[in-house]
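Subject: Structure for you to look at

Hello,

Here is the structure for you to look through. Please open it beside this email and follow the notes below.

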Amino acid sequence: MDIETTFWAVAIVVFLIWMAFASPIRGDIGEGTVARRLKSLPSNKYAVFNDVMLKTGRGSVQIDHIVVSQYGIFVVETKNISGIITGTEHSENWTKTDNGRRYEFFNPITQNMGHINALAHKLNIPTSKFISIIAFSTRGRLMFHQLPSSVVYIPQVAGKIKCYHDVKLSVKRANEIADQIQKIKKYKLVSNRQHIIDVENAIAARNKKISANICPVCNGRLVLRKGKYSEFFGCSNYPKCKYTRSK
Ligand SMILES: [Zn+2]
């Protein structure tokens, strides 16, 4: 073989090997859990709390992970969803498509804002000190026109947190907050069972509204609208309220 043929033979082999390993499977190797990823953060700068349950006026909120540092309080929501995931930063629901079937799930950015608001209220700290992070399993593929900056894959979660360098809290204040969260964790105000009941009640109340054609976001009326491709239910308070559901 002359040099040029050899070059192309090698190039094709390298390309084929790359194709084999560049599939989404690659990310699965050693994904681990978010908790394990967060352990890699230097413990002298970051205090990590996993699975924190907060009692609020309207029930209880379960927060997957909280990381307290002088760079802010990171609140991490984990999503273990397979398939192709799409949405926009502000849409009420995101969708996942798996084996040709389409499912909707509540926008995790909005969901995590709810968690941050609850935690901010509980700790009496302004929400500006909080940073939201949504960590998706590499089982799913995020297909966004523009991926919101708060959304990452699980293997990137610690790196994402380390990207924040602006000091938001004094070391003393960060330590106080970590102590407060430690107390909340120790003092389990609600049992897991009560949490399940609260969640079930919230879902039931929401479904009851929807079946009565009431908007679950603003209590407006749901009206049938004609979209470009299909009919759907929209809120009568549009454009103030952007709630929609498929017919
Ligand atoms: Zn509405």
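**Strands 5 and 6, and their sheet**

Strand 5 (residues 93–98) and strand 6 run antiparallel and are joined by six bridges. Before going on, note that this is a predicted model, in which local features need pLDDT of at least 70, side-chain atom pairs count only at pLDDT 80 or more, and totals for chains, interfaces and linings use all residues. Residues are numbered from 1 along each chain as its sequence is written.

Some terms come first. Helices (H or I, at least four residues) and strands (E, at least two) are DSSP runs, numbered from the N terminus. Two strands pair if DSSP finds at least two bridges between them. In general, strands of a sheet pair through backbone hydrogen bonds, either parallel or antiparallel.

Across the join between strands 5 and 6, Asn 93 stands opposite Phe 106, and Lys 96 has Tyr 103 as its bridge partner. The two strands form a hairpin with two residues between them. Asn 99 lies in the loop between them and has a positive phi of about 50° although it is not a glycine. Is Asn 99 buried or exposed? It is exposed, with 6 other C-beta atoms within 10 Å. The cut-offs are these: a residue is buried if 20 or more other C-beta atoms lie within 10 Å of its own, exposed if 12 or fewer, and partly exposed in between, with C-beta atoms placed from the backbone.

On its other side, strand 5 pairs with strand 4 (residues 83–86) in the antiparallel sense over three bridges, and Thr 86 stands opposite Thr 95. Strands 4 and 5 form a hairpin with six residues between them.

These strands belong to an open sheet of four, in the order 6-5-4-8, with mixed pairing. Strand 6 (101–106) and strand 8 (140–142) stand at the edges with a single partner strand each, so one side of each has no neighbour in the sheet. Neighbouring strands here are turned by 25° against each other on average, direction ignored. Such angles are taken between axes, which are lines fitted to C-alpha atoms (for helices over the stretch in contact), and run from 0 to 180 degrees between N-to-C directions.

**The sheet of strands 10, 11 and 12**

Three strands form an open antiparallel sheet in the order 10-11-12. Strand 10 and strand 12 (244–246) are at the edges; each has a single partner strand, so one side of each is left without a neighbour in the sheet. The twist averages 35° from one strand to the next. Five bridges join strand 10 to strand 11 (residues 231–235), and Arg 225 stands opposite Phe 232.

Leu 222 is found in strand 10 (residues 222–226). It is buried, with 21 other C-beta atoms within 10 Å. Leaving out residues up to four places away in sequence, Leu 222 touches Asn 213, Ile 214, Cys 215, Phe 233 and Cys 235. Contact here means that the C-beta atoms of two residues, placed from the backbone, lie within 7 Å.

In the loop between strands 11 and 12 is Pro 239. A cis peptide bond joins Tyr 238 to Pro 239, with omega about 5°.

**The nonpolar core**

The largest nonpolar core has 35 residues, and Val 67, Phe 74 and Ile 133 are among those with the most contacts inside it. Such a core is a set of buried Ala, Val, Leu, Ile, Met, Phe, Trp, Tyr and Cys residues joined through C-beta atoms within 7 Å. Strand 7 (residues 130–136) gives the most to this core, with six residues. Apart from its neighbours within four places in sequence, Phe 74 is in contact with Val 67, Ile 131, Ile 133 and Ile 161.

**Helix 6**

Which residues of helix 6 are buried? Ala 174, Ile 177, Ile 181 and Ile 184 are. Seen down the helix axis, the buried residues fall within an arc of 75° (the arc of the directions from the axis to the C-beta atoms), so they line one face of the helix. The elements covering them include strand 1, strand 2 (59–69), strand 3 (72–79) and helix 4 (108–123). On the other side of helix 6, the exposed residues are Val 171, Lys 172, Asp 179, Lys 183 and Lys 186.

Regards
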